[in-house]
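The following exercises concern a single protein chain and its ligand. Please study the sequence and the structure before reading each solution.

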Amino acid sequence: MDVKSRGISLFLLLSIFSTSFSDTDQVLNSEKLTLSTTVHSHASSFVFQIKGNVYPIGYYSVSLAIGNPAKFYDLDIDTGSDLTWLQCDAPCKGCTIPQNQLYKPRGNVVICEDPLCAEVQSAFPCTVANGQCDYEVHYAHRVSSLGVLVRDFIPVKFTNGSLQLPILGFGCGYDLTHPGHNPPPSTPGVLGLGNGKTSIVFQLHSLGLIRNVVGHYLSGRGGGFLFFGDQFIPQSGVDWTPMLQSSSGQVQQNYRTGPADLLFDGKPTSVKDLELIFDSGSSYTYFNSIAHKVLVDLITNDIKGKLLIRETADSSLPICWKGLKALKSLHDVTGNFKPLVLSFTKPKNSLLQVPPEAYLIVTEHGNVCLGILDATEIGRENINIIGDISLQDKIVIYDNEKHQIGWASPNGKCDGPSKL
Ligand SMILES: *[C@@H]1O[C@H](CO)[C@@H](O)[C@H](O)[C@H]1NC(C)=O
């Protein structure tokens, strides 16, 4: 892939936003978000460095500057949901980070009759026009965030050198639920990158700042980068597949694609016509229970006689195997597992390669575990989710202008857009 001419240095990202601005609240309250879908041909792009990994951390995050003066918040990057939210000192029930790191609202609450509010409140129509706009988001594992919408400055340094101070809407979460044995959220919040109108991708696009495109590179060695705008779409080597549309022609909520067939070691399987959701907010990949069982049987048969036996004492993931000795890294074992491929039918031959590195982890106990889980685990028998593990080492592009999702595998290691 040759995108050198468009390359920029990641150092750009590391510059600290020290700009201060006055009359914050006045600006916040006078600025209204316009929900338009105009195409802005001069829009630029920007990039964030990503931290995190699939295991043992379990998520990828970026550090986002918010407010005036700006403070930095680590947010879990989530293409599976729209609304960005922060743990918020309102005060907060169920927050998991120290109080001095919580976001503090300051008279910047979005009111109920604001168009942005309609997007989070379709279930509870606005009763008091100038009342506060409440929201509630639910994730898998019965994790949820309840709070109020606010607007604040999110300073962004664009690749063309300009520093912009867009005012974006997000949630101030003051009631977080994470029941049972599910770990509480470990980041101060979630960066919602879905295709809905509350997503910050859509908001930045509506302000004319970027094309309605977002993408990421999650490195298998940890870290990576997240880009907004269309500047970093590789010019060649991308496999594209359309986002699914509903019968009325609307693009469906979440980044849904398909149908796709599963190949095992290059050969067709009985797993066909999968609808898949690309979700960077999910650490692992999930298949519907029938497809999952087929896959587990294929793998189990294939590794017979390979000195790997089922290990039920490792609770890291539901299905693990141990070798003769404790495994140190995936390299010790990937040769024993076959590559998978998701073969999309639109267009034909659009292939998502899922090598063993993109579906296995080696745990701290030295076992290898299957990172494709049964969706029943999250109470959704019929859903298929492509999570971080299978998105690793690819540039993945969510193009809401052309309603398509694409992926490309850079040759060799990829430390930043300038080296693609
Ligand atoms: C740089 O990009 C931003 C965001 O798209 C835009 O608002 C600004 O006008 C651009 N500046 C120049 C000098 O092109």
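**Exercise 1: The ligand shell**

The residues around the ligand in this predicted model are Ala43, Ser44, Phe158, Asn160, Ser162, Gln164 and Leu209. Determine how many of the shell residues are nonpolar, polar and charged.

*Solution.* Step 1: Ala, Phe and Leu belong to the nonpolar class, whereas Ser, Asn and Gln belong to the polar class. Step 2: the shell therefore holds three nonpolar, four polar and no charged residues.

**Exercise 2: Confidence**

State which stretch has a pLDDT below 50, and how it should be read.

*Solution.* Step 1: the chain averages a pLDDT of 86, and 85% of the residues score at least 70. Step 2: residues 1-40 have a pLDDT below 50, although this stretch has 58 contacts in the model beyond near neighbours in sequence. Step 3: where pLDDT is low, the predicted coordinates should not be read in detail.

**Exercise 3: Two positive phi values**

Decide whether Asn254 is exposed, partly exposed or buried, and do likewise for Leu307.

*Solution.* Step 1: locate Asn254 in the loop between strand E13 (239-242) and strand E14; its phi is near 70°. Step 2: locate Leu307 in the loop between helix H5 (289-302) and strand E18 (309-310); its phi is near 60°. Step 3: a residue is exposed with 12 or fewer other C-beta atoms within 10 Å, and buried with 20 or more. Step 4: Asn254 has 19 such atoms, so Asn254 is partly exposed. Step 5: Leu307 has 11, so Leu307 is exposed.

Terms used: Residues numbered from 1 in each chain as written. Predicted model: local features only at pLDDT ≥ 70, side-chain atom pairs only at ≥ 80, totals over all residues. pLDDT = per-residue confidence, 0-100. Contact = placed C-beta atoms within 7 Å. Near = placed C-beta within 6 Å. Helix = DSSP H or I, 4+ residues; strand = E, 2+ residues; numbered from the N terminus.
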